[in-house]
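Please find below a colleague's note, set out as numbered points to be read beside the coordinates. Comments on any of the points are welcome.

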Amino acid sequence: MTAQLPFAHFHAKIPPDPIPSCLHEIYLSLYDKAKASVHAASLLQSNQGFLDHFAAEISYNLAITTSTMAICPRTSEGSTLSRETIGKNEQSCQGSIVALNGTLLSGTLMVKNENDWNELRCDEGKLYNLLKLIGVPPNHSEHSTKTTL
Amino acid sequence: MNKKDGQTGTKTKNPFEDPDDLLLVAKIPSNQPTHSLVLNKYPIIPQHFILATQTFKEQTHLLEDDDLHMVYACLKAWEHDGQTSSHRRLFAFFNSGLHSGASQRHRHVQFLPIEQMLDGQDSQQAAWIPLIDLMDEGPSEGKCLN
């Protein structure tokens, strides 16, 4: 069974031996798409301070290989994994927070302990729910890349 | 890249403003440096390194031409290293903004060797392919088309 990524993401191919302005053009185009998706989903939070001309309006992760540039607008750094009590002698504990950064676009994430590792590995639904929370819903942008897992 | 981290620092110290000698790999481009290549003091995998601007620039500001040019130069140089016969690639990533997982204000891009990410994979499992490689084929953006 295939699934599509539950967060909006955009990518573009990089031509061989690109000039710097080409890379920058690709980057700005992807950034604009990412920003538009945040606006479309009405998820843009008002800035508390003055936003100067060079500042990005959204949080995002950008990834680059020699062939591809990809961007993912972010609305949350992570989420809490709820933890069920296991074993009668163990105290129920607070869920731990799993935070995601740009390694997300390589299809990886990092956890702080083995419990979180096991929890995410054993239950794909938890991972999927986590991914749903950290970005913009993909259906809010017609231009969102449709990556099938 | 096998330098060892031998120093500790305060949490608030900017590691890129005046990079630790033990972590600094090079200042590039060599004729008129604009960026520093630095080993990550807290690597998530071996050879995790960072490209940072020499002068302070905000991580929350948009990347500039020379930032992307240097990123690409690193990606290409890694692939074309004549010392290794096997094909190797880097994955570069940039975290910007409050919700991105960025931990440092000084503008920096991180690099991870894809082969190191594959290392330790259970051979019984289906081979892991970086997500960015799975994104559907499409034309290049804008005027960059030949």
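1. Contact is taken here to mean heavy atoms within 4.5 Å, and the model under discussion is a predicted one. On that footing, A:E119, A:L120 and A:C122 of helix 2 of chain A meet A:E124, A:K126, A:L127 and A:L130 of helix 3 of chain A. Sorted by class, this contact between helix 2 and helix 3 of chain A comprises 4 nonpolar residues, 3 charged residues and no polar ones.

2. The geometry of this helix pair deserves a separate remark. Helix 2 of chain A covers residues 114-122 and helix 3 of chain A covers residues 124-133, and their axes come within 4 Å while crossing at roughly 100°. Because angles of 65 to 115 degrees count as roughly perpendicular, helix 2 of chain A is described as roughly perpendicular to helix 3 of chain A.

3. As for chain A as a whole, it contains 3 helices and 5 strands, which follow one another along the sequence in the pattern β-α-β-β-β-β-α-α. Of its 149 residues, 47% are buried. Among the contacts in chain A with a separation of 6 or more, 63% are between residues 24 or more positions apart. The area that chain A exposes is about 8000 Å², of which carbon and sulfur atoms supply 52%.

4. The sheet draws on both chains: it is open, has 8 strands with antiparallel pairing, and its order is 1(A)-3(A)-2(A)-4(B)-5(B)-3(B)-2(B)-1(B). Its edges are formed by strand 1 of chain A (10-13) and strand 1 of chain B (24-28), each of which pairs on one side only. From one strand to the next, the twist averages 20°.

5. At the chain A edge, strand 1 of chain A runs antiparallel to strand 3 of chain A (residues 68-74), and 4 bridges join the two. One residue pair can be named for inspection, since A:A12 has A:M69 in strand 3 of chain A as its bridge partner.

6. Which strands of chain A does helix 1 of chain A lie across? This helix (residues 20-40) lies across strand 1, strand 2 (59-64) and strand 3 of chain A, and runs at about 25° to strand 3 of chain A. Helix 1 of chain B (residues 65-79) also packs on the sheet, where it touches strand 2 and strand 3 of chain A as well as strand 1, strand 2 (35-39), strand 3 (49-53), strand 4 (90-96) and strand 5 (108-113) of chain B. The direction of helix 1 of chain B makes about 155° with that of strand 3 of chain B.

Definitions and conventions: Residues numbered from 1 in each chain as written. Chains lettered and ligands numbered in written order. Predicted model: local features only at pLDDT ≥ 70, side-chain atom pairs only at ≥ 80, totals over all residues. Heavy atoms only, no water. Axes fitted to C-alpha atoms, helices over the stretch in contact; angles between N-to-C directions. Parallel < 35°, antiparallel > 145°, perpendicular 65-115°, else oblique. Nonpolar A, V, L, I, M, F, W, Y, C, P; charged D, E, K, R; others polar. Pairing = 2+ DSSP bridges. Buried < 20%, exposed > 50% of the residue type's maximum accessible area, 1.4 Å probe, protein only. Areas by Shrake-Rupley, 256 points an atom, 1.4 Å probe, with all protein chains shown as cover.
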